[in-house]
Amino acid sequence: MNTASLPSGRVGAILRKDLLLLWPLAALSALLQGILGIVQHHSTPFDFGHGHMALVALVTLALVVSMVLVVVIAVQQDPVPGFNQDWVVRPIRRRDLLLAKLLAVALLIHGPIFVVQILQGLSEGFGFGQILPAALLSNFEIALFFTLPVTAIAAMTRTVGEALVGALAVLVGFILAFLLITVLHDAVTHSWMLSGTTGGTGVQWVWQSLSHLWLLGITVAVLLLQYLRRSTLRSRVLFVGGLFLFTLSSFLPWHPAYAFQEWLGPHEPAGGVTMVFDTASSSARVGPAPTETGVFLTSNPLAAVVDGKGVIKVPGGSVRIVLPIMVSGLPAGAVLHGDRAAVRLSDGRGTIYRGVGHVFDLRAPSGGSALLGQAIDLPKAIYARAAHQPLRLALDYSLTILRGHALAELPAPGDRRVPDAGWCADRIDISGKSLDVACMTLGAEPPCLSMSLVAGGVRHGSAAYRCQLNYEPAAMRFAANPIARFQSRLPLLPPGTAPSGGALPLGARVRLVEYAPQAHFTRRVVIQGVRLADWRQVRAGSVAAKSASAVSPGHS
Amino acid sequence: MTNNIVQAQGLCRRFGRHEALRGLNFSVPEGSVYALIGANGAGKTTAVKILVNLIEPMQGTATIMDADSRTLPPTVLAQIGYVAENQVLPGRLRIRDYFDYLRGFYPSWDGALEASLRDRLQLPAERRIGALSHGMRIKVALAAALVYRPRLLILDEPFAGLDVLVRDELMESLLQQAGELTVLVTSHDFGEIEGVTTHVGFMHDGRMLLEEHMADLGSRLREVRVTLEQPARVPEPWPREWLEARTFGNVLTFIDTRHAPETFGERVRSVLGPVRQIDAVPMPLRAQFGVIERAARAGVTA
């Protein structure tokens, strides 16, 4: 019996033909993948030097180009668009052709990547059982964002040049659409956020996951439409339209995302937290100590800049007001993180402004209360119009309680394998003034870690935070590179306060603490009859008129 | 009853504003050599591409071996050979690899015939298809269409742009299998196909003007030359079946589209009066096409 008459035989015949044609390019791509694996092998968790990074970037670029060529040429061996294709008049099932192309991409692109990742993980000291799921998830990520979209573009075009021009056109269109939507979004919400409504927050993953599913759906739909229906025009419209909607996903509203996060949990009780506008406390210190604030806000787009004279530089065309909000019922040892503070100002005739206030972190080491200075940047025009009127101001808070738990303590200097953080090591940097702490982990790095130097149970110096809050369930967090490295720097004691140039206290260790969400909840603060002019902030640590007390700049 | 291997009914296809097919009907009897003829832009290639599902019709249906052209199963495709002037073959493959690749898809692949065709058509096994001349590529396509002994061979302008030697080689290869298969051919080269065509369909402006057995068409179309006793003129009324009447002195010529040899002399005399001589000669396919096409443009049925 002719083996090609079986489905597997037909798929195999197409695959063999493609491999026969593509093996030199595929071999080059695999070689580059191997070279990248070798240059990325570092034998320590520490970052590469700049020269090494440049080499990695160069090899990565060459690898990406070769992979694009392999995918496009593999697909276009049997082009789908057009009216003259040889394969259409051959007894080849379309689903067999699609399957053969996907198998070729899997074999020629993902095969080498997977093998190199496994070898790389083993050589870095991880077990096979540890590296396998990370490599599989990494390949899923690469397939989602690279190979499947490239395959879809190749299936809608006839030549490599056409595919590259098409991809470039899509990219330019994508950027223009994104900018246009950002401008429109800004006009409505008065918040210029390139990262979108949830960007840079812990719930970014909600819409991001949805958009990833959407992207997967588009590429699969395009491939099915092309191969099963050979409908190139419809496929192109679907792809471009789908990508436009993908762009829109960054601007999906906050509330459904946060409501989903609340529903998903975790659900530890947070009912005791209350927030009230507290003019009586306005002369008290507003906000927690600078060293403990802003730790999770690494990508806060509204972060304030303070010049040398302590004058707040607010975004152009804005006026900053700071309102004292008393927060009570804070659990001991936890951090209250403000994910979002939606602001709505209204006068007697209706709403005059909708926007967002600055986000914040509050910590009450022994529980209880803390005063929050809620900063809001208002457009100058709004402020000028309404500064001296009594207004109604509503603040809708989306909040999260985060609690730290110690992951491990590392010898300083030294290294240790730490569950949930990977292989961590620390060493005194070349200047001798600080301690570099680095970890190499499988999959995505922990969303929020603090690193501090302790000796004799006492912390020395401030902690270094490495936080990009992400409330996504851990099982769903993965990255294109299955081995992630992250590094922070801890200042050492000043010279003269410790032996040998103040390098390290005796018996020093590096404590790693991971912060994880314990509860998500919302609170509303409504202030009646507020006059904006009373709460305008001019200088860092000062509020005009009523609240003359210190407001931490790091608080914004 | 004739068994039609190809049947097209009401095929319509538009490209932008251009209507390539406007309700095309035709049928190809099994075992025939069917020539689909028409001027440039008549819609021949579109029709053929619809048959093998390279293009989908917007209206109408086409069946090959009773299978809908839009969903031709591999079992049917394995019995169809297709060669087109602008067919896109896998250019990066060598000829040998191309045949090796195709072999697995056709249960009826004839290894001996493959060797014979490759030898006869002088196909260099190691050459990449993309590096071949147009003529060589057509030869490769033809060999790759004949080698599994298809039941239906569809040729879309196969001789366009080929030199005489290549044409002869192709025709020779075709003729060697002519008895085994049904051939549907579109061509401008009437000389090449005339000798082998059994059925002919004339297309004009996306429609079928007429389709007929070649022998019937040849016997009813006659180029007539009548020499009269007096200077010739075209009398009124003039029979509708006599087209393209012209006069030269005593001579009147026309095309008889319903030629009946037994009664023709009497009919001529009844229309033209006394005549000195009547010559009614068969027309070659090229001339037949010319008459039918001109009649169609004039809105007359030939």
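Q: What is the count of salt bridges between chain B and chain A?
A: In this predicted model, 29 residues of chain B are in contact with 26 residues of chain A. Across that boundary the side chains of Arg229(A) and Glu56(B) meet, with N and O 3.6 Å apart, which is within the 4 Å that a salt bridge allows. The count between the two chains is one salt bridge.

Q: Which helix of chain B gives the most to the side that touches chain A?
A: The count between chain B and chain A is 11 residue pairs in polar contact, both residues of each pair being at pLDDT 80 or more. Helix 2 (74-77) and helix 3 of chain B each supply at least two residues of the side that touches chain A. The one that gives the most, with five residues, is helix 3 of chain B.

Q: How many residues on the side of chain B that touches chain A are nonpolar?
A: Chain B and chain A bury about 2,500 Å² between them, and 59% of this lies on carbon and sulfur atoms. On the side of chain B, Leu54(B), Tyr101(B) and Phe105(B) supply 26% of the area buried against chain A, more than any other three residues. Of the residues on the side of chain B that touches chain A, four are polar and five are charged, while the number that are nonpolar is 20.

Q: Which residues of domain 1 of chain A lose the most area to domain 4 of chain A?
A: Chain A is divided into four parts, among them domain 1 (7-127) and domain 4 (404-493 + 505-517). Domain 1 and domain 4 of chain A bury about 1,400 Å² between them, with 62% of that on carbon and sulfur atoms. Together giving 54% of what the domain 1 side buries, the residues that lose the most area are Pro45(A), Phe46(A) and Phe126(A).

Q: What is the distance in Å between the closest N and O atoms of Arg485(A) and Glu124(A)?
A: Between domain 1 of chain A and domain 4 of chain A, 14 residues of the former are in contact with 18 residues of the latter, and the count is one salt bridge. Arg485(A) forms a salt bridge with Glu124(A), and the closest N and O atoms of this pair are apart by 3.4 Å.

Q: Is Arg90(A) buried or exposed?
A: The side chains of Arg90(A) and Asp86(A) meet in a salt bridge, at 3.2 Å from N to O. The partner Asp86(A) has a relative accessibility of 5% and counts as buried. Since a residue under 20% relative accessible area is called buried, Arg90(A), with 2%, is likewise buried.

Q: How many residues apart in sequence are the parts that Arg96(B) and Glu126(B) tie together?
A: Arg96(B) and Glu126(B) form a salt bridge in which the closest N and O atoms are 2.4 Å apart. Arg96(B) lies in helix 3 (residues 95-103) of chain B, whereas Glu126(B) lies in the loop between helix 4 (111-120) and helix 5 (134-146), so the parts that the pair ties together are apart in sequence by 30 residues.

Q: What does Asp534(A) count as at 13% relative accessibility?
A: Arg531(A) and Asp534(A) meet through their side chains in a salt bridge of 3.4 Å, N to O. Arg531(A), at 31% relative accessibility, counts as partly exposed. Asp534(A), at 13%, counts as buried.

How values were computed:
Residues are numbered from 1 along each chain as its sequence is written. Chains are lettered from A and ligands numbered from 1 in the order in which they are written. This is a predicted model: local features need pLDDT of at least 70, side-chain atom pairs count only at pLDDT 80 or more; totals for chains, interfaces and linings use all residues. Side-chain values use heavy atoms; hydrogens and water are left out. Buried means under 20% relative accessible area, exposed over 50%, partly exposed in between (1.4 Å probe, protein chains only). Helices (H or I, at least four residues) and strands (E, at least two) are DSSP runs, numbered from the N terminus. Domain bounds come from an automatic or database domain assignment. Contact means heavy atoms within 4.5 Å. Buried area is the accessible area (1.4 Å probe) that two parts lose on being put together, summed over both. A polar contact is a pair of N or O atoms within 3.5 Å; within protein, one must be able to donate a hydrogen and the other to accept it, and residues adjacent in sequence count only if both atoms are side-chain atoms. Ala, Val, Leu, Ile, Met, Phe, Trp, Tyr, Cys and Pro count as nonpolar, Asp, Glu, Lys and Arg as charged, and the others, Gly among them, as polar.
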